[in-house]
Amino acid sequence: MKITRQKHAKKYMSFYKYNFGFREPFQVLLDGTFCQAALRNKIQIRDQLPGYLAGATQLCTTRCVLKELESLGKELYGAKLIAQRFQVRNCSHFKDPVSGSACLLSMIEMGNPHHYFIATQDQDLATKVKKKAGVPLLFIIQNTMVLDKPSPKSLAFVQAMQANQLVPEHQKQSIEHLKEEQGLVKESENRRKRKRAGGPNPLSCLKKKKKVQETQQPSTAKKKRKRKRNRAKSEEKAV
């Protein structure tokens, strides 16, 4: 079960890397529900998540999430302590805090430019996240963290992009990066350096012809000298 889960995660990560330009360190926005579920199931997020995503991660949250956990009191005190260990990302609700779910949704507006993952147990929030293209979703099930498969919205976005033959700049960079990782760039360079087997060099043939011409010149000169001598002898006999 663990092997298949890891294979699925690797496949989904390749999808987001290739089509949406995700790169290490992966930025994961966590809400209070995810922290509470991790505490209940004794999951060490900081230690286990990088291995599952096969890359370095940055765990982060927002001020609105922390405020929400504080307002819920003792029941979520442990989740608040966990969330306080993460980096705090600036949101637009500094003066007027909103709910944690509304804040996380605002962080992935405009096409998720910062390439955030959303980690939550809130089903309503998860449904709204799936309606946005290019936003990976993490949740906890059966004492394990799971990366959800790409949403239909993300798949439709990629299909439309391929149909229009549009290649974004981040995708070009991701293609080059993947080629370097797989060593395809080095192989292509080596192939260019290899010499192809062919016929004789035409330049060498030209050099040979020049030599033949040079060897022919003195022979013609000798023939001319012999002719002159023969003419001189014939004139002497006539005299």
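The largest cavity holds about 50 Å³ of space. In this predicted model, a search of the whole structure returns one cavity of 30 Å³ or more. Its lining is formed by Tyr16, Val129, Lys130, Val135, Pro136, Leu137, Asp148, Lys149, Ser151 and Ser154. Sorted by character, the lining residues of the largest cavity comprise five that are nonpolar, two that are polar and three that are charged. Among the lining residues, Tyr16 belongs to the stretch 2–20 assigned to helix H1, while Leu137 falls within strand E5 (137–141).

It is helpful to set this cavity within the overall chain. The protein chain contains eleven helices and six strands. Of its 239 residues, 33% count as buried. The accessible surface of the chain amounts to about 17,000 Å², and carbon and sulfur atoms account for 52% of that surface. Contacts across the sequence are also informative: when pairs at least 6 apart in sequence are considered, 68% of the contacts join residues at least 24 apart.

Attention now turns to the interior. The largest nonpolar core is made up of 52 residues, and those with the most contacts inside it are Leu30, Ile45, Leu49, Phe117, Ile118 and Leu138. Helix H1 (residues 2–20) supplies the largest share of this core, with six residues. Leu138 gives a good view of the packing. Leaving aside residues up to four places away in sequence, Leu138 touches Val28, Phe34, Leu49, Tyr52, Phe117, Ile118, Ala119, Thr120, Val146 and Leu147. Three of the partners of Leu138, namely Leu49, Phe117 and Ile118, are themselves listed with Leu138 among the core residues with the most contacts.

Helix H6 (residues 100–107) offers a second view of the interior. Gly100, Cys103, Leu104, Leu105 and Met107 are buried in this helix. The buried residues of H6 pack against both strands and helices. The strands involved are E1 (26–30), E2 (57–62), E3 (87–89) and E4 (116–119), and the helices are H4 (63–71) and H7 (123–130).

Strand E2 also includes Thr57. With a relative accessibility of 19%, Thr57 falls under the 20% limit and therefore counts as buried. Beyond residues up to four places away in sequence, Thr57 is in contact with Pro25, Phe26, Leu49 and Pro50. Leu49 thus appears both as a partner of Thr57 and as a partner of Leu138. Pro25, another contact of Thr57, lies in the loop between H1 and E1. The peptide bond that joins Glu24 and Pro25 is cis, with omega at about -5°.

Two further loop residues deserve a mention for their backbone angles. Asn112 is placed in the loop between H6 and E4. Its phi is near 55°, a positive value in a residue other than glycine. Gln142 sits in the loop between strand E5 (137–141) and strand E6 (144–147), and phi of Gln142 is near 50°, again positive in a residue other than glycine. The surroundings of these two residues contrast: Asn112 is buried, its relative accessible area being 2%, whereas Gln142 counts as exposed because its relative accessibility is 66%, over the 50% limit.

Note on methods:
Residues numbered from 1 in each chain as written. Predicted model: local features only at pLDDT ≥ 70, side-chain atom pairs only at ≥ 80, totals over all residues. Heavy atoms only, no water. 1 Å grid on protein atoms, 1.4 Å probe; cavity = no way out; pocket = protein on both sides within 12 Å on 5 of 7 lines; lining within 4 Å. Points joined across faces, edges and corners; volume = space filled by probe spheres on them. Nonpolar A, V, L, I, M, F, W, Y, C, P; charged D, E, K, R; others polar. Core = buried A, V, L, I, M, F, W, Y, C linked by side-chain atoms within 4.5 Å. Buried < 20%, exposed > 50% of the residue type's maximum accessible area, 1.4 Å probe, protein only. Helix = DSSP H or I, 4+ residues; strand = E, 2+ residues; numbered from the N terminus. Contact = heavy atoms within 4.5 Å. Areas by Shrake-Rupley, 256 points an atom, 1.4 Å probe, with all protein chains shown as cover.
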